[in-house]
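Okay, thanks for coming, everybody. I'll put the structure up and then talk through a few spots in it.

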Amino acid sequence: MNVTKSQVLRNVSEVPSVLAFSQTAPDAGGFGGCMSILLRWKGSIYKTIWKDLLVYYGLYYLITIIHNYVLDEDGKRAFVALAKYCLKNSNSINVMIMLTFFTTTALHRLFAMQTMIPGTAKVITFFVLSLKPNLPEGPIVVEQFARWTVLAWILTFRVVSKPLRTMFPDIISLQVAGIIKEKERLLLERVETERNKTPRALMVIDWMLLLMKESSVHNRFAEKSNYLKAVEVLMTFKKGCGNTIKFATKNMPYALIQAVIIVVYTYGLVTLIARNVEEASSCVFVEVIVNYIPIIPSMQFFVFLVWLNFGRVAVNPFGTDDDDIDVTLLFKTHVQDSFRLASLYSQDLEQIFGQMPQ
Amino acid sequence: MNVTKSQVLRNVSEVPSVLAFSQTAPDAGGFGGCMSILLRWKGSIYKTIWKDLLVYYGLYYLITIIHNYVLDEDGKRAFVALAKYCLKNSNSINVMIMLTFFTTTALHRLFAMQTMIPGTAKVITFFVLSLKPNLPEGPIVVEQFARWTVLAWILTFRVVSKPLRTMFPDIISLQVAGIIKEKERLLLERVETERNKTPRALMVIDWMLLLMKESSVHNRFAEKSNYLKAVEVLMTFKKGCGNTIKFATKNMPYALIQAVIIVVYTYGLVTLIARNVEEASSCVFVEVIVNYIPIIPSMQFFVFLVWLNFGRVAVNPFGTDDDDIDVTLLFKTHVQDSFRLASLYSQDLEQIFGQMPQ
Amino acid sequence: MNVTKSQVLRNVSEVPSVLAFSQTAPDAGGFGGCMSILLRWKGSIYKTIWKDLLVYYGLYYLITIIHNYVLDEDGKRAFVALAKYCLKNSNSINVMIMLTFFTTTALHRLFAMQTMIPGTAKVITFFVLSLKPNLPEGPIVVEQFARWTVLAWILTFRVVSKPLRTMFPDIISLQVAGIIKEKERLLLERVETERNKTPRALMVIDWMLLLMKESSVHNRFAEKSNYLKAVEVLMTFKKGCGNTIKFATKNMPYALIQAVIIVVYTYGLVTLIARNVEEASSCVFVEVIVNYIPIIPSMQFFVFLVWLNFGRVAVNPFGTDDDDIDVTLLFKTHVQDSFRLASLYSQDLEQIFGQMPQ
Amino acid sequence: MNVTKSQVLRNVSEVPSVLAFSQTAPDAGGFGGCMSILLRWKGSIYKTIWKDLLVYYGLYYLITIIHNYVLDEDGKRAFVALAKYCLKNSNSINVMIMLTFFTTTALHRLFAMQTMIPGTAKVITFFVLSLKPNLPEGPIVVEQFARWTVLAWILTFRVVSKPLRTMFPDIISLQVAGIIKEKERLLLERVETERNKTPRALMVIDWMLLLMKESSVHNRFAEKSNYLKAVEVLMTFKKGCGNTIKFATKNMPYALIQAVIIVVYTYGLVTLIARNVEEASSCVFVEVIVNYIPIIPSMQFFVFLVWLNFGRVAVNPFGTDDDDIDVTLLFKTHVQDSFRLASLYSQDLEQIFGQMPQ
Amino acid sequence: MNVTKSQVLRNVSEVPSVLAFSQTAPDAGGFGGCMSILLRWKGSIYKTIWKDLLVYYGLYYLITIIHNYVLDEDGKRAFVALAKYCLKNSNSINVMIMLTFFTTTALHRLFAMQTMIPGTAKVITFFVLSLKPNLPEGPIVVEQFARWTVLAWILTFRVVSKPLRTMFPDIISLQVAGIIKEKERLLLERVETERNKTPRALMVIDWMLLLMKESSVHNRFAEKSNYLKAVEVLMTFKKGCGNTIKFATKNMPYALIQAVIIVVYTYGLVTLIARNVEEASSCVFVEVIVNYIPIIPSMQFFVFLVWLNFGRVAVNPFGTDDDDIDVTLLFKTHVQDSFRLASLYSQDLEQIFGQMPQ
């Protein structure tokens, strides 16, 4: 498994403390904190909408030019009437509450999911510590259990996360990475096909259950009652995996996402045309603003756009968007953790600190 | 039970990984993702409302034609007055907040329920692994317990899900499918009648409790304390079943659903008539828009309609709507799982992987 | 206890499956489903508000008649001014958000409570199965425990539910129904009086704890550790009872309910008078609508009324309203369940299915 | 401890069933229920706002009089202009949503806290029942544990509840009430001072832990494993105490409460002046209404005021407001319960019911 | 560790009861309570916004002066047109709902986090009480475990809390404070670097697990089953640590905070210019108000500003803002608690109270 070890080495920016320093929000009270938030690029509002912004302003100026220099008198009158009509009706599109509902619901689901996301650490720790110490076959059993736990985790998240699917496009790639053995690969390739539709992650969890049963039969648990406790922890892990897939596949209805997208972009189109031409003509200064600096009318649209974006990111948090959960980093962490926790079986405080009491 | 086995074979589109790939939402950041969402038909907004759309536009044009070509001068004046009256009052119907309340509450209940939905896997796994291995009667006991678990699940979901009720219209159909035996059928047919109103699912859970008691009396549990633990897991399963039925039968008040439907359709009727005839007459271009392309006024109504639909789907998520939980697929999964988990009892890691350590 | 048995026989419409069929909401997608919802009478919006509707329209026409045929010119002018004044100010009463808050909070509390409502099944099952089988005194102990559980449940719900209070107005009526014995009645009548204010339900739970202690002392539990587990389950039941009473007595503040009622009915009064008399005079057709068919203005009021009603029903869900929890039906179910579960103690799978393995 | 016993005797209105009858909300469907809610005084909206109402109307009439009889023509013009200015701007103060947010958040926190509030019953019951029966020192140990539990409860709620602080202003008052002994008082007075800042409740919980340890060492637990279980229940109780203090001290930010108060009262001031003087002059009837019966404009303000009040009551639910949790009553209940539960140790079913089976 | 002891001495204002008295909100019903809230400075609205207020009014008067005394006729006309344009459009920026969403979500996350924040007390208590009493090495083992628990807590909160990071800028500072030993420091400095990216807190938790394993091997637990229970409590603690870091680093999206800041300040700018110049000119009295006392227009902006501030404080509750969680105080409490709880191991009720029974 040397391959894996080198593969999962993280670079500086992934050292946990460094990561945390850069991700914690600054203090609220102070001009500096405000600026440091506003000037951030990564995951920023600017990065999210600069393309839409460009297209929007391009179209806006185009319409202004057409109105001023292309249209004849009749065309101008029709345009003014249309602009007035749009201006009047733009308020009647009740975008805000629907967007609020969509984004709120999506974000709340996301937050709920984040606390339910299954971790491998508890399962492995529990199994490792519930065994009798110093069994000759102990390290092998423990290593295999830890590897399978990580494997079940990967097979679960491959289903929902595209980046992980790119990293491990098929079962053979998992073997290459040293995560599964030849024999296991053959078994895994036989399921999730037309004839045997058991999900692969469940297959691996079955193996883990059997390994626990075997450990119980061979009397490897320090206490008999540890067996069922370890099974319970594993069942919780399994439920976590199931919930993750349920979250990704039984999410916000498609029709709702479509409805919100259509309504927001229609609103954008309407604000492009809606302009108070009459008011503009009263004064050159205002005319310039109305024709060339539509900050206030467009701001509303971009607030909607940004908001829509949050909702859409929250609907699929395992992708490659900036605010998404970084599943590949998570994967590396779980692999590292599994090594560390499995090694707990044969480790000893004395090895680390020398003779106790100090 | 060969019949059942073949009956529950799923076709390609039901292979879990394939299902998940097609159900996960695409990334938020990108034009492609946006399009792939908008162009989807299954479960889409278009599929939901195309009929209503057709009726709405049909009526709209009809009214336009009547106004322009049928009515005499007096009729026209009356119509214009009515249109103005509708236009003025249409804003005073506060549909949005009530709809928000209805749909939000319905969706939140649905999400809460989704995490509480009872699964058969934990009950079966727990029972299988808590028994002593290698009992001669073990496989039979385990198979029977697994079958009864699935049976209790089916009897619960038959109550709330119409598709499952269509699949198994009566108890005899369950026997035909190989899920219950003759003897059990006779017992089940005797309850839920005028004279004995015990729900059938509770009957089956009683059998499971008795089977556990028997297992305890015959000393089949690996440890004595496993008995009560298994009972506890079963009680949790029972509570899950009860909650599912409670969710379906004690749901949003009928009067609320009626109120929302009435208000939304009344709003639709009002927007059909409400049209700014005066403004339209100022310019031919706008007149055409007002009379024939009522996108902006109708959009609001369709947003309401779509939203109402989400709420109604969420109120009964076990039906045949596109976003509903596919109970028959779930049923097949549970049957397959019960086979797999029951087989854990007699399986062995060695059978699978050969001699351990590898 | 034959009396009780016959008393709790439910009639056809209470058979669980029949109940569920009629209470599940129909599919969302379809004209039929929509109609079947709209045409329902039981628990419908029509049943809720028909009286208010009658009074409202009666008053409305009365005012119309007074305006048209009773008032002289000065009176008419004053009326028109008043109508305009009301029309203008009716929008400034922000009823909606307050109502939303009230109803949402009440409904959410109700949903939360529904999952916390205590059930007797788990307590009884746990006690029954944790005892050694085949004890000679077993059936009596079990029967007594089951009866006391139901008794504690009744004494709890009598406090919050008027229908149950009507069913069992005093302790003697419980003895008549065969639920308590002479001796127990005498003890129960001594508490909840001026001199001894212990709630009666707590008294019964004390008895159950003592029965458990006795069972432990007489070594009736199959395993010693079962004792504390059973105590824990009972404590959870007790907490559930306490929460139910807390829910009913520490609920929405009275002042809030008063405020909402006052505001909604004031709004109704204002809409009665507020009518656009000027606009009406422009055209006979509109005049008729304004004077005699005030659907749009009144609709808003009835939406508020219906909504207010949901909130008030949710505040006290144990009463006799249509959407209330049917506590007397629940009571019958719990009595039946207690018989069934107590009988598990002496039952046997063999008695039911004959010799196992089949 | 005779002193305490007499001190905690509750009067009739505190008998649980009587309390519950008067606190349960009436049925929603009916004119009677509506009236019985509206006519209630205790905890009513009238009691809450009658003083503000008086001040408001006093000021309103004062302004009317100044306008009509004091001001000269110039003053009148200025007043009319100011009234118009206020009328126009009063709508731009978006009070409602901010209030909704404040009150909703405060109430939700309150409801969440109500279910987390620590109770003494479970801790005491668990300890009492986990001991071996019939130990000679048993009753003393149990009595001491029960007393300490109540003591920890009091020391926790003294911190957050002013009424309880008034009841027990210092540690010596607890000794007078018979709740602590001389020795304990001396120990408690030494903590929470400049030199030793351990909270007093933690001190008592330490004693309880030591009592449990001693019980374990002296082999008083019926089963060895009972020891840690009882510790766990105590830790949950401790966490409940901690959460109660956290709730009271880390609550809604002060600035938010200030902001809401300022905004609501400013709104009130603005509505005092804002009056449609022009419209009023059109007709004597309306003029009287505008000048002397400002029900509609003031109603909005009072809705805000009432709402603000709910929020503020919910922020500190342990005070003396009408809807507050009655901590002194709670205290009495806990004292009574602790006597009852401690007596379970030496009680016997036979003592109560005579020879079993009946 | 004498250094630490003196370092963690808290001054008077940190005595728990004193703290609580000053932090509990006053009663709602009364003029006094209202005033005592309004006049508070610490954590008040005034402290939060006085700088912004100064800048805002400065700019407001500057614009007034420029308009009145600097601009010529053309400039004035342009200004009036611009002011009208801003006034009209200021309402179309829908700030409120977006702010509500942001602040509500942030505050709810914060409240949820507050109940999940990991405490050291339970872990230490559980370990201390699960050991056999009177082991010779007991006090050392217990002291080490307690110290490591605090260490894991510190290493977790150093990541998220700047004040704690200032207090302990590096590992050596922890050694100086007596919290870690030389050997431990060397080990901790080797992780979280480029080559070994295990988070430091996890390292310490590994040591604790190993200490538990060792205790189990050396048979130090009073009962064998205590071992796994203590492991479970530790895993919960670990999960709490992980959730705290997750909360701080996977929080509200940056783009959302940016969007809200931009929108609120743009709104402020618009309200600076937007003034009803025409209305003002009708009467000198109103002109003065419009030009120099813009309380009503600015109030809306400051409500937004205050609200924005709550949200931003809630996003990072571990900083130095007034409403933040005081992590350094928390740290001192945990250190003190760990001493107290570790001392429970060798303490005895007799030592405290003398010979029992009293």
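Before anything else, one bit of vocabulary: a residue counts as exposed when its relative accessible area is over 50%, as buried when that value is under 20%, and as partly exposed in between. And keep in mind that what you're looking at is a predicted model.

So, with that cut-off in hand, let's try it on a loop residue. Is Asn134(C) buried or exposed? Asn134(C) has a relative accessible area of 68%, and because the cut-off for exposed is over 50%, Asn134(C) goes down as exposed. If you want to find it on the screen, go to chain C and look in the loop between helix H7 (121–130) and helix H8 (138–160). The backbone there is worth a glance too: Asn134(C) isn't a glycine, yet its phi is positive, about 65°.

There's another asparagine to put beside that one, over in chain D. Asn219(D) also isn't a glycine, and its phi is positive, near 60°. Where does Asn219(D) sit? Asn219(D) is in the loop between helix H12 (200–217) and helix H13 (226–249) of chain D. On accessibility, Asn219(D) comes out at 44%, so the label here is partly exposed.

Staying in chain D, let me point at a helix residue. Thr48(D) is part of helix H4, which covers residues 45–70 of chain D. Its relative accessible area is 29%, so Thr48(D) is partly exposed as well. What does Thr48(D) touch, leaving aside residues up to four places away in sequence? The answer is Ala255(C) and Asn309(D), so one partner is in chain C and the other in chain D. Along the sequence, Thr48(D) is 273 residues from Asp321(D), but C-alpha to C-alpha the two are 9.7 Å apart in space.

Okay, on to how the chains go together. Take chain A and chain B. Turn chain A by 72°, with 0.0 Å of shift along the axis, and chain A superposes on chain B with an RMSD of 0.0 Å. That's the relation of a five-fold axis. Now, which surfaces do the copies use? Just 1% of the interface residues of chain A are also interface residues in chain B, so the copies meet through different surfaces.

Let's look at that contact itself. Chain A puts in 74 residues and chain B puts in 82. Between them, chain A and chain B bury about 7,400 Å², with carbon and sulfur atoms making up 66% of it. On the chain A side, the residues that lose the most area to chain B are Tyr85(A), Lys197(A) and Tyr254(A), together 11% of what that side buries.

How many salt bridges are there across the interface of chain A and chain B? There's one. Arg340(B) pairs with Asp206(A), and the closest N and O atoms are 2.7 Å apart. You also get eight residue pairs in polar contact between chain A and chain B. Several helices of chain A each supply at least two residues to the side touching chain B, among them helix H5 (73–90), helix H12 (200–217) and helix H17 (295–315). H14(A) gives the most, with eleven residues. Sorted by class, that side of chain A has 38 nonpolar, 15 polar and 21 charged residues.

Last stop, chain E and chain D. A turn of 72° and a shift of 0.0 Å along the axis lay chain E on chain D, RMSD 0.0 Å. Again, only 1% of the interface residues of chain E are also interface residues in chain D, so the copies meet through different surfaces. This contact takes 82 residues from chain E and 76 from chain D, and about 7,500 Å² is buried, with carbon and sulfur atoms giving 66%. In chain E, Leu129(E), Ile296(E) and Phe353(E) lose the most area to chain D, together 9% of what that side buries.

For salt bridges between chain E and chain D, the count is one: Arg340(E) with Asp206(D), closest N and O atoms 2.7 Å apart. Eight residue pairs are in polar contact across that interface. Helix H6 of chain E, residues 95–116, supplies the largest share of the side touching chain D, ten residues. By class, that side of chain E splits into 45 nonpolar, 25 polar and twelve charged.

Conventions: Residues numbered from 1 in each chain as written. Chains lettered and ligands numbered in written order. Predicted model: local features only at pLDDT ≥ 70, side-chain atom pairs only at ≥ 80, totals over all residues. Heavy atoms only, no water. Contact = heavy atoms within 4.5 Å. Buried area = accessible area lost by both parts, 1.4 Å probe. Salt bridge = Lys/Arg side-chain N within 4 Å of Asp/Glu carboxyl O. Polar contact = N/O pair within 3.5 Å; in protein donor to acceptor, adjacent residues only side chain to side chain. Helix = DSSP H or I, 4+ residues; strand = E, 2+ residues; numbered from the N terminus. Nonpolar A, V, L, I, M, F, W, Y, C, P; charged D, E, K, R; others polar. Buried < 20%, exposed > 50% of the residue type's maximum accessible area, 1.4 Å probe, protein only. Least-squares fit on C-alpha atoms with pLDDT ≥ 70 in both.
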